[in-house]
Amino acid sequence: MKISKLLKGIYPIILSVIILYFLYRVINPQDLLSSFKTINIKLILIAIAFFFFIKLINTFRYGNVYKIKPSSKLYSLLCYSNMMLSIIPFRLGELSYIHGFKKHFNKPYEESTQKLVLIRFADYLVVYLLLLI
């Protein structure tokens, strides 16, 4: 195994440790433990199930729009990009979708951007329609 591949795999772990360190500095461990005791585990499991179900639907939706066969690779890219969307401010995490489609599926940046805008526009229309209902 090349050193560069090994280091590339370590970056997410290092980022996670740094984030956990800063969280640990501002959170009282006793408060954290008492919060965990009050959590309803059924609600957590339902939320996890919904997340995976929504990502599965998104895998088929993105596969259809981008003309890619739905796969675990596409599913993983969507989960990773969703995480980046949550971490990076000002919706700049959307760039991880565009970069991922270029890197993993060899889709041109222009095509990826156009189709992502189309998907986001459809998402906003559905959300506004649900709000009106």
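Here are a few worked exercises on the predicted model shown above.

**Exercise 1. Fold inventory**

Work out how many helices and strands the chain has, and in what pattern they come.

*Solution.*
- Start with the count: six helices and zero strands.
- Next, walk along the sequence, and the pattern reads α-α-α-α-α-α.
- Now for the spread: the radius of gyration is 18 Å, well over the 14 Å from the globule rule for 133 residues, so the chain is more spread out than a compact globule.
- If you want a box for it, the C-alpha atoms take up roughly 55 × 50 × 25 Å along the principal axes.

**Exercise 2. Surface, burial and charge**

Find what share of the residues is buried, and what share of the accessible surface belongs to carbon and sulfur atoms.

*Solution.*
- Burial comes out at 21% of the 133 residues.
- The accessible surface adds up to about 10,600 Å², and carbon and sulfur atoms account for 73% of that.
- Then tally the charges: the chain carries 17 positive and 5 negative side chains. The centres of those two sets sit 9 Å apart.
- Finally, look at contact range. Take the contacts between residues at least 6 apart in sequence, and 47% of them turn out to join residues at least 24 apart.

**Exercise 3. The largest nonpolar core**

Identify which residues touch the most other members of the largest nonpolar core, and which elements give two or more residues to it.

*Solution.*
- This core has 13 residues, and the ones touching the most other members are Tyr 62, Tyr 66, Tyr 97 and Phe 101.
- Two or more residues each come from helix 3 (41-66), helix 4 (72-87), helix 5 (94-105) and helix 6 (109-132).
- Zoom in on Tyr 97. Skip its neighbours within four places in sequence, and its contacts are Tyr 62, Leu 78, Ser 81, Asn 82, Leu 85, Leu 116 and Arg 120.
- One of those contacts, Tyr 62, is also among the core residues that touch the most other members.
- As background, nonpolar side chains in soluble globular proteins tend to be buried together.

**Exercise 4. Positive phi outside glycine**

Check Lys 67 and Asn 106: what is phi at each, and is each residue buried or exposed?

*Solution.*
- Recall the usual case: most residues other than glycine have a negative phi.
- Lys 67 has a positive phi near 55 degrees. It lies in the loop between helix 3 and helix 4.
- With over 50% relative accessible area as the cut-off for exposed, Lys 67 makes it at 64%.
- Asn 106 also has a positive phi, about 55 degrees, and isn't a glycine. Its spot is the loop between helix 5 and helix 6.
- At 60% relative accessible area, Asn 106 is exposed.

**Exercise 5. A glycine and a lysine under cover**

Say where Gly 100 and Lys 107 lie, and what each one contacts.

*Solution.*
- Gly 100 belongs to helix 5. The cut-off for buried is under 20% relative accessible area, and Gly 100 meets it with 3%.
- Leaving out residues within four places in sequence, Gly 100 contacts Leu 77 and Phe 105.
- For a distance, try Ser 86: it is 14 residues from Gly 100 along the chain, with 16 Å between the C-alpha atoms.
- Lys 107 is in the loop between helix 5 and helix 6. A relative accessibility of 14% puts Lys 107 in the buried class.
- With the same sequence neighbours set aside, Lys 107 contacts Tyr 66, Lys 67, Ile 68, Phe 101, Lys 102 and Ser 112.
- Ile 68 is 39 residues from Lys 107 along the chain, and their C-alpha atoms are 9.8 Å apart.

**Exercise 6. Two in-between cases**

Locate Pro 70 and Ile 44, and find the relative accessibility of each.

*Solution.*
- Pro 70 goes in the loop between helix 3 and helix 4. Its relative accessibility is 32%, which counts as partly exposed.
- Beyond residues up to four places away, Pro 70 touches Thr 59 and Phe 60.
- From Pro 70 to Lys 102 is 32 residues along the chain and 16 Å between C-alpha atoms.
- Ile 44 is part of helix 3. It has a relative accessible area of 36% and is partly exposed.
- Between Ile 44 and Tyr 24, 20 residues apart along the chain, the C-alpha separation is 22 Å.

Technical notes:
Residues are numbered from 1 along each chain as its sequence is written. This is a predicted model: local features need pLDDT of at least 70, side-chain atom pairs count only at pLDDT 80 or more; totals for chains, interfaces and linings use all residues. Side-chain values use heavy atoms; hydrogens and water are left out. A nonpolar core is a set of buried Ala, Val, Leu, Ile, Met, Phe, Trp, Tyr and Cys residues joined through side-chain atoms within 4.5 Å. Buried means under 20% relative accessible area, exposed over 50%, partly exposed in between (1.4 Å probe, protein chains only). Helices (H or I, at least four residues) and strands (E, at least two) are DSSP runs, numbered from the N terminus. Contact means heavy atoms within 4.5 Å. The radius of gyration is taken over C-alpha atoms; the globule rule is 2.2 Å times the number of residues to the power 0.38. Accessible areas come from the Shrake-Rupley method with a 1.4 Å probe; for residues, only the protein chains shown count as cover. Lys and Arg count as positive and Asp and Glu as negative; His and the chain ends are not counted. The place of a charge is taken as NZ of Lys, CZ of Arg, CG of Asp or CD of Glu.
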